[in-house]
Amino acid sequence: MTSAIVVGSGIAGLLTALHAVEHGCRVTLVTKDVLEHANTRFAQGGIAGVMFDDDRADDHVRDTLVAGSGLNDPDAVRVLVHEGPERIRELIALGVAFDRDDAGGFVKGLEAAHSYPRILHAGGDATGTAIEKALVARLRASDVAVVEHAFLVDLLLTDGRVTGVELIVGETDAAAGRRESLEADAVVLATGGAGELYAHSTNPEVATGDGIAAAIRAGAAVADLEFFQFHPTVLAVGESFLVSEAVRGEGAALIDEHGRRFAFDAHPDGELAPRDVVARAIARQMEAQGGRPVQLDATRIHSEDAEERAAFLARRFPTIDRAVRERGLDWAREPIPVTPAAHYLMGGVSTDLFGRTTLPGLYAVGEVARTGVHGANRLASNSLLEGAVFGARAGDVIAEDAASGSWPTSASPASPAPEQRSPVTKRGSARQIATGERANPGEVPAFSRAALQDLLWDDAALVRDDAGLGHAASVIAGWRAQERTRDSEHDFEDENLLLVAEHLVAAALARRESVGAHFRSDDTAESAQTPRSRDAIALHAAPAAASAPDPWSAAADPSKEPVAC
């Protein structure tokens, strides 16, 4: 019997494990926290899918490519869109109760850069939680063995093949964990992203890039790490809390200190432009008003009557409504302050269309993976869909791959290796810059996670340039050259974040043009300032050969017919 280890318990890891068991694998799922505490449960916006008779798969494909600036892998996008409805129906069969209207049909949600309201939600704004609960319940009833509080230290390799994992198990604040090694025929990374790289993030504290770092150390290819998506609207009061794009989809507007809607200055779609455009528009407006947050105005939603509007917001967005009111804000009657924050990593471990990486025996699914579906910028609500589609795909082939003994060569591009840089600062700290004081040659600030987060927020976040990225690379090189003890999970997490940061900055330095979520202020090309049109993206992504089938044509693929639920 083929044995498999799945590392991670979000939608991608859970569906991988369930599908692998169905195909006869002996599966052990290990997770950093308890089984239910994956990033999936924080997903408010919903899951995108062609589930309505008047929607078209071609349109979802096109929307995804436009949002990704045409840098997506078209084959991966077609897999995502055409297999998505089947995976959504599987979630429904497993007990996910997506919201329905009085007639029993699914409630349609519209989010940024979608040409059709194809987003399904559960519990209003608790989609991720509903999915996580249903999948965890199914997993606990299955034959999958579960190891909780298990931290991935490294991958085990034998003759160039991944054959298991090294873990720290059972660490608590009061006691050290024990080291354990688990061996298997296949290892699946489903460890999520790396939001802890940045000072402001929507991610939970466990998002420390552990899977990406382990894959890099083992020699797997990674790609597109420069493409980090920043969510435009996070509450600027109290602890970071994401305000779903669906709120803007319902009609909320972004306004400056004087009540003016400014998002249309950046894009004709205004608040519903692609996330990177909206996030940068907010950042520019905040800079123009002295760093103070902009306002999200939901007072024009649903009704002119404040009481009716309050009831609607509480019903439609119960999680957000509760968080807003806990901070003493009444968003039914007054705008609320918001700011951008790091949200989702489009790049990661390079895979093929079944989650296979460049290392035999190693798969990657979900946010840790670079499948190619997102390109330079993820379309809203495609993340849960990606986890479901490619998690199931990986689970379906593990046993067959192990039996065949073969391993396909992934064609995914790899990010450039970091340059060897002198570990000296080039610009100094924010305080030094503000006061005119310069860093001494050879000076490297003391390392801490907070210092790394501030460094990347200043030099490798929404707006980048060569000087800032070079400064970040130099400081990271200095920190990487220092010797540090690694005893606790937190110590290992810090090293993982440093390694991923090194590769992210290297990739951002190598890509000199602005595209998608990677915006360089020192790119003066016209293309960097002007959003590409939908037709231009379609042309950019189309095959060069005139005789090749049109990737947007249903005739090129009979499966591209509208899918009804």
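Here are a few exercises, with worked solutions, on a predicted model of a protein chain.

**Exercise 1. Work out where pLDDT stays under 50.**

Start with the whole chain: mean pLDDT is 88, and 87% of the residues reach 70 or more. Next, look for the weak stretches. One is residues 425-441, where pLDDT stays under 50 and the model has 27 contacts beyond four places in sequence. Another is residues 526-565, again under 50, with 66 such contacts.

**Exercise 2. Find Arg393, decide whether it is buried or exposed, and list what it touches.**

First, place it: Arg393 is in helix α10, which covers residues 383-404. Now check accessibility. The cut-off for buried is under 20%, and Arg393 comes out at 13%, so it counts as buried. Then go through the neighbours. Leaving out residues up to four places away in sequence, Arg393 touches Val79, Glu83, Leu353 and Phe354. With Glu83 there's also a polar contact, side chain to side chain, at 2.7 Å.

**Exercise 3. Take the salt bridge between Lys32 and Asp210 and say which parts of the chain it ties together.**

Side chains of opposite charge can pair when their charged atoms come close. Here the closest N and O atoms of Lys32 and Asp210 are 2.7 Å apart. Lys32 sits in the loop between β2 (26-30) and β3 (47-48), while Asp210 belongs to helix α5 (residues 210-218), so the bridge ties together parts 178 residues apart in sequence. Both Lys32 and Asp210 are buried.

**Exercise 4. Do the same for Glu257 and Arg292, and add how accessible they are.**

The closest N and O atoms of this salt bridge are 2.4 Å apart. Glu257 lies in the loop between β12 (253-255) and α7 (275-288), and Arg292 in the loop between α7 and β13 (294-297), so to speak 35 residues along. For accessibility, Glu257 has 42% and counts as partly exposed; Arg292, at 43%, is partly exposed too.

**Exercise 5. Which parts does the pair Arg333 and Glu307 tie together, and how accessible are the two residues?**

Begin with the distance: the side chains meet in a salt bridge at 2.5 Å, N to O. Arg333 is in the loop between α9 (318-326) and β14 (336-345), and Glu307 is in helix α8 (residues 306-316), so parts 26 residues apart in sequence get tied together. Arg333 is partly exposed at 42%, whereas Glu307 is exposed at 54%.

**Exercise 6. Name the residues that join Lys32 in one salt-bridge network.**

Follow the shared partners: Lys32, Glu196, Asp210, Arg449, Glu493 and Asp494 form one network. For the overall tally, the count comes to 41 salt bridges.

Technical notes: Residues numbered from 1 in each chain as written. Predicted model: local features only at pLDDT ≥ 70, side-chain atom pairs only at ≥ 80, totals over all residues. Heavy atoms only, no water. Helix = DSSP H or I, 4+ residues; strand = E, 2+ residues; numbered from the N terminus. Buried < 20%, exposed > 50% of the residue type's maximum accessible area, 1.4 Å probe, protein only. Polar contact = N/O pair within 3.5 Å; in protein donor to acceptor, adjacent residues only side chain to side chain. Contact = heavy atoms within 4.5 Å. pLDDT = per-residue confidence, 0-100. Salt bridge = Lys/Arg side-chain N within 4 Å of Asp/Glu carboxyl O.
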